[in-house]
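The following exercises are to be worked through with the sequence and the structure at hand. Each task is followed by a solution in steps.

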Amino acid sequence: MNIAAKYRMASLYVGDLHADVTEDLLFRKFSRAGPVLSIRICRDLATRRSLGYAYVNFLHLADAQKALDTMNFDMLKGQPMRLMWSQRDAYLRKSGIGNVFIKNLDKSIDNKTLYEHFSGFGKILSSKVMRDEHGSKGYAFVHFQSQSAADWAIREMNGKRIRDRRLFVGPFRSRKEREAELSSRCSEFTNVYIKNFGDDMDDERLKDAFSKYGHTRSVKVITDSRGRSRGFGFVSFDSHEAAKKAVEGMNGQDINGQPIFVGRAQKKAERQAELRQMFQQLRKEKTRGCHGLKLYIKNLDDTIDDELLRKEFSPFGSISRVKVMQKEGQSKGFGLVCFSSPEEAAKAMAEMNGRILGSKPLSIALAYQRF
């Protein structure tokens, strides 16, 4: 083993540091475990403020192990620091081998408590409870050195109650894997979302309107505190074929004198994944003719002109151009809106798709042609 490799093995990652922690303070702290070669607090290039983590390089591997065993979660400047081996091998971090995902954590569970509950199953490379400005987000990751330790932790901890919360513990899956699974579910949906039918609707009437497409397992109109319809609901069918027919047959049809929107019901995770994909796609679709992003708006009511279309979409961001396509002075039923940024276009697409404008529900997609 060469000298550089030997010293890399004796390197620790120190996370969750207070902004006021200095290299000198870290040196004095870790020197108690043994000779320290170097310490680097990672800082913002522009402001030079601490990013909240550092690397400590020991002369001897045994001293790094001693620091990890005796100093993990010690308090510095009022915050517990989180230690783990410095993983310079990107494959080991990203492969998913030995990585475990935990959710439904009680908000009081911190990094130390998480480590204590899982360290008995094997050597932990890293563990972290995910947090935001409001505290714990209720889920965490634990990366074991071996897959066998991860499998043992999953068998023993999945479904276990900690502080009156039943945990889900399972293998870590990358975002691409999760989104691929959601995409496969999309093609076989059985739950349908309906909106814009107003407040004069109940479960029985909604069931009567949709039962002709197939056997329904459940029908629910969402109501307010007074029991009145909030204008949207859900229908669950026995089969994907029935749900698909209902979407094709009922989207845009009149109920209570106004056209309704009918589409596949999406879970929150699916909507978030779809929006992420939309952002990525929107960024790729920039064109010279429009410095932002173009949306193709179809199913426009005949009364909608350029001015009204701009008015409806302007709350979502800066619009550089709007055009309702016409033939001999009459609307052709579709148009285009150009936004200045992908984020604005994605927000408009998410909020306006299916919304009633005039007398028709809008259908919105990315525009590829120039105008």
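**Exercise 1: The surroundings of helix H2**

In this predicted model, the cover over the buried residues of H2 includes strand E1 (11-15), strand E2 (36-43), strand E3 (50-58), helix H3 (61-71), strand E4 (75-76) and E6.

Task: Determine which residues of helix H2 (residues 23-30) are buried, and where around the axis they lie.

Solution.
Step 1. The buried residues of H2 are Leu25, Leu26, Lys29 and Phe30.
Step 2. These residues lie on the same side of H2, because the arc they cover around the axis is only 115 degrees.

**Exercise 2: Arg82**

Task: Establish whether Arg82 is buried or exposed, and identify the polar contact that joins its side chain to that of Asp16.

Solution.
Step 1. Arg82 belongs to strand E6 (residues 82-85).
Step 2. Its relative accessible area is 5%; buried means under 20%, so Arg82 is buried.
Step 3. The side chains of Arg82 and Asp16 are joined by a polar contact of 3.2 Å.
Step 4. A polar atom of the Arg82 side chain also lies 3.4 Å from the backbone oxygen of Ser127.
Step 5. Beyond four places in sequence, the residues that Arg82 touches include Tyr13, Val14, Asn72, Phe73, Asn111 and Lys128.

**Exercise 3: Confidence**

Task: State the mean pLDDT of the protein and locate a stretch where pLDDT is below 50.

Solution.
Step 1. The mean pLDDT is 85, and 85% of the residues reach 70 or more.
Step 2. Residues 1-7 have pLDDT below 50, with seven contacts in the model beyond near neighbours in sequence.
Step 3. Residues 287-291 stay under 50 as well, and have nine contacts beyond four places in sequence.
Step 4. Predicted coordinates should not be read in detail where pLDDT is low.

Methods:
Residues numbered from 1 in each chain as written. Predicted model: local features only at pLDDT ≥ 70, side-chain atom pairs only at ≥ 80, totals over all residues. Heavy atoms only, no water. Helix = DSSP H or I, 4+ residues; strand = E, 2+ residues; numbered from the N terminus. Buried < 20%, exposed > 50% of the residue type's maximum accessible area, 1.4 Å probe, protein only. Polar contact = N/O pair within 3.5 Å; in protein donor to acceptor, adjacent residues only side chain to side chain. Contact = heavy atoms within 4.5 Å. Arc of directions from axis to C-beta. pLDDT = per-residue confidence, 0-100.
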